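Colleague: I would like to go through this model feature by feature. Please give the general idea each time, then the case at hand.

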Amino acid sequence: MALITLIAKPLATAGYEFYYMGPAEECEDCKFKKVCFNLEEGAKYRVTALRSQSHECHECDTDTVAVVEVEKLPTVASVGKKQAMEGSKITYKSVDCDNIGCPNYQICHPTGKAQGSKYTVQKVNGDLDCPLGNELVCVDLF
């Protein structure tokens, strides 16, 4: 079954990817909030198809939102070597590092993944070279 949501009309193109960062406070009384708020907070999605419907939205910059079908995508992240087993459920903890110049920084601090939350390791992508000497592996989290 297709996962349906609403996004700003200019962004409604097949292949567009986005992170759902949660509901906007201003939308609390909207009649379409069940469609907008049905995604997992912090998860990444890709628009797979456009529906013919659109609706007015007074909170959206474009004043119009489109109905789209989306699929949830895995998030690339780093985990300790002991956690890197395909299919395992882990409690996520990002690397304690503030070196934003590191080539692995985005992988070690992935958008939308919360400390202490549970995720599934969908795929192991390989070892990471950590300048701090941490034994890290790049994985796809779901």
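The dialogue below takes up a sheet, the nonpolar cores, a loop residue and the cysteines.

Modeller: This is a predicted model, in which local features need pLDDT of at least 70, side-chain atom pairs count only at pLDDT 80 or more, and totals for chains, interfaces and linings use all residues. Residues are numbered from 1 along each chain as its sequence is written, and side-chain values use heavy atoms, with hydrogens and water left out.

Colleague: What is the strand order in the open sheet of four strands?

Modeller: Strands are DSSP runs of E with at least two residues, helices are runs of H or I with at least four, and both are numbered from the N terminus. Two strands pair if DSSP finds at least two bridges between them. Here the order is β5-β8-β7-β6, with antiparallel pairing. β5 (75-80) and β6 (89-91) are the edge strands, each pairing on one side only. From one strand to the next, the twist averages 55 degrees, taken between lines fitted to C-alpha atoms, on a scale from 0 to 180 degrees between N-to-C directions.

Colleague: How many bridges join β7 to β8?

Modeller: Six bridges join β7 (residues 118-128) to β8 (residues 136-141). Leu128 stands opposite Leu136 in β8.

Colleague: Which elements give two or more residues to the largest nonpolar core?

Modeller: A nonpolar core is a set of buried Ala, Val, Leu, Ile, Met, Phe, Trp, Tyr and Cys residues joined through side-chain atoms within 4.5 Å. Buried means under 20% relative accessible area, exposed over 50%, and partly exposed in between, with a 1.4 Å probe and protein chains only. The largest core has eleven residues, among them Phe18, Tyr45 and Val70. The elements in question are β3 (44-56) and β4 (64-73), and β4 gives the largest share, three residues. A second, separate core of ten residues includes Val79, Tyr119, Val121 and Val137.

Colleague: Is Asn104 buried or exposed?

Modeller: Asn104, in the loop between β6 and α2 (105-108), is buried, with a relative accessible area of 11%. Contact means heavy atoms within 4.5 Å. Leaving aside neighbours within four places in sequence, Asn104 is in contact with Leu128, Asp129 and Cys130.

Colleague: How many disulfides does a search of the whole structure find?

Modeller: A disulfide is a covalent bond between the sulfur atoms of two cysteines; the cut-off is a pair of cysteine sulfur atoms within 2.5 Å. The search finds zero.

Colleague: Why is Cys27 not bonded to the closest cysteine sulfur?

Modeller: That sulfur, in Cys57, is 5.7 Å from the sulfur of Cys27, too far for a bond. Cys27 is buried, at 16% relative accessibility. For Cys36, the closest cysteine sulfur is in Cys30, at 6.1 Å, also too far for a bond. Cys36 is partly exposed, at 23%.
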